[in-house]
Amino acid sequence: MYPSPEVQQRLKEIEGWSAKAYPDATGHSIGYGHFIDPINEAYLLSGEIDKTKGQQLFDRDLAKAVQFITTRIKVPINQNQLDALVLLTYNAGQYPITTGTLDDRINGNQGEAAIRSKWMEYNKSRNAAGVLSINRVLTARRIEEVNLYFTRPGDMTPIAKKKS
């Protein structure tokens, strides 16, 4: 399984495009939200990339996300569930589905309420003072993702309905 074209497009809409590196979370990103590894990708911190390079980085990031998800999630998941988990990990990194977190709820078939509750915990960011607080943009993203996770395959997904 691979992320659907709709989710790939949605990720690009959410992340936007930047040919130059920009500050993001605890480092820098470029292209369609590719987080730059300051050791192995220092060359990306200066200069610009074109859309071809940006697409290569995006494709690589998606492949890494899918590999991580399929390694951590031990129960069968459908396309919408994979898409939702890709959206989450692309934005929040691997932390939400590491041992003792969301993956335990999914793998343990703990039910919709338990999964939704845990999913929504990843809606915080640090403000300028370094204080972790609820971020309304991240809250909206988490709602979109978890709703997609619980959308039955074949139904019109919340992602397909989105227009940015």
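**Close-up 1. I115 sits in helix 5.** This predicted model gives us a good place to start with a buried residue. I115 has a relative accessibility of 6%, so it counts as buried, the cut-off being under 20%. Now look for D104, which is 11 residues away from I115 along the chain. The C-alpha atoms of these two residues are 9.2 Å apart.

**Close-up 2. N109 is in the loop between helix 4 and helix 5.** Helix 4 covers residues 102-107, and helix 5 covers 112-119. Is N109 buried or exposed? With a relative accessible area of 61%, N109 is exposed, because the cut-off for that is over 50%. Its backbone deserves a look too: N109 has a positive phi of about 45°, even though it isn't a glycine. As a rule of thumb, most residues other than glycine have a negative phi.

**Close-up 3. Three strands make an open sheet.** Follow the strands across the sheet and you'll meet them in the order 1-2-3, with antiparallel pairing. Strand 1 (18-24) and strand 3 (34-35) are the edge strands, and each of them pairs on one side only. What holds such strands together? In general, strands of a sheet pair through backbone hydrogen bonds, and they can be parallel or antiparallel.

**Close-up 4. Strand 1 pairs with strand 2 in the antiparallel sense.** Strand 2 is made of residues 27-31, and 4 bridges link it to strand 1. Which residue of strand 2 stands opposite Y22? That's S29. Another facing pair here is P23 with H28 of strand 2. Strands 1 and 2 form a hairpin with 2 residues between the strands, and in this hairpin A25 takes a positive phi near 55°.

**Close-up 5. Strand 2 also forms a hairpin with strand 3.** The two strands run antiparallel and are joined by 2 bridges. If you start from I30, its bridge partner in strand 3 is H34. There are 2 residues between strand 2 and strand 3, and G33 in the turn has a positive phi of about 80°.

**Close-up 6. Helix 3 is largely enclosed by the rest of the structure.** How many of its 14 residues are buried? The count is 11, and that's why we can call helix 3 largely enclosed. Among the buried ones you'll find L82, A84, L85, V86, L87 and L88. Don't expect just those kinds of residue, though: the buried list also includes N80, Q81, D83, T89 and Y90.

**Close-up 7. Helix 3 runs from residue 79 to residue 92.** Here's a quick check you can do with a ruler tool. Allowing 1.5 Å a residue, the 14 residues of helix 3 should span 20 Å, and the C-alpha atoms at its ends are 20 Å apart, which agrees. At the start of the helix, a side-chain oxygen of N78 reaches to within 3.0 Å of the backbone nitrogen of N80. Just after the helix comes G93, which takes a positive phi of about 85°.

**Close-up 8. Helix 2 crosses helix 3.** Helix 2 is made of residues 51-72. Its axis comes within 10 Å of the axis of helix 3, and the two cross at roughly 115°. That makes helix 2 roughly perpendicular to helix 3. As for the handedness, helix 2 passes helix 3 in a right-handed crossing.

**Close-up 9. Helix 1 packs with helix 3 too.** Helix 1 covers residues 5-15, and its axis is 10 Å from that of helix 3. The angle between the two is about 25°, and helix 1 and helix 3 are therefore roughly parallel to each other. Helix 1 passes helix 3 in a right-handed crossing.

**Close-up 10. S133 is found in strand 5.** This strand covers residues 132-134. S133 has a relative accessibility of 28%, so it counts as partly exposed. To finish, find N123, which is 10 residues away from S133 in sequence. In space, the two residues are 8.3 Å apart, C-alpha to C-alpha.

Methods: Residues numbered from 1 in each chain as written. Predicted model: local features only at pLDDT ≥ 70, side-chain atom pairs only at ≥ 80, totals over all residues. Heavy atoms only, no water. Pairing = 2+ DSSP bridges. Helix = DSSP H or I, 4+ residues; strand = E, 2+ residues; numbered from the N terminus. Expected span 1.5 Å × (residues − 1). Buried < 20%, exposed > 50% of the residue type's maximum accessible area, 1.4 Å probe, protein only. Polar contact = N/O pair within 3.5 Å; in protein donor to acceptor, adjacent residues only side chain to side chain. Axes fitted to C-alpha atoms, helices over the stretch in contact; angles between N-to-C directions. Parallel < 35°, antiparallel > 145°, perpendicular 65-115°, else oblique. Left-handed = near helix turned anticlockwise from the far one by under 90°.
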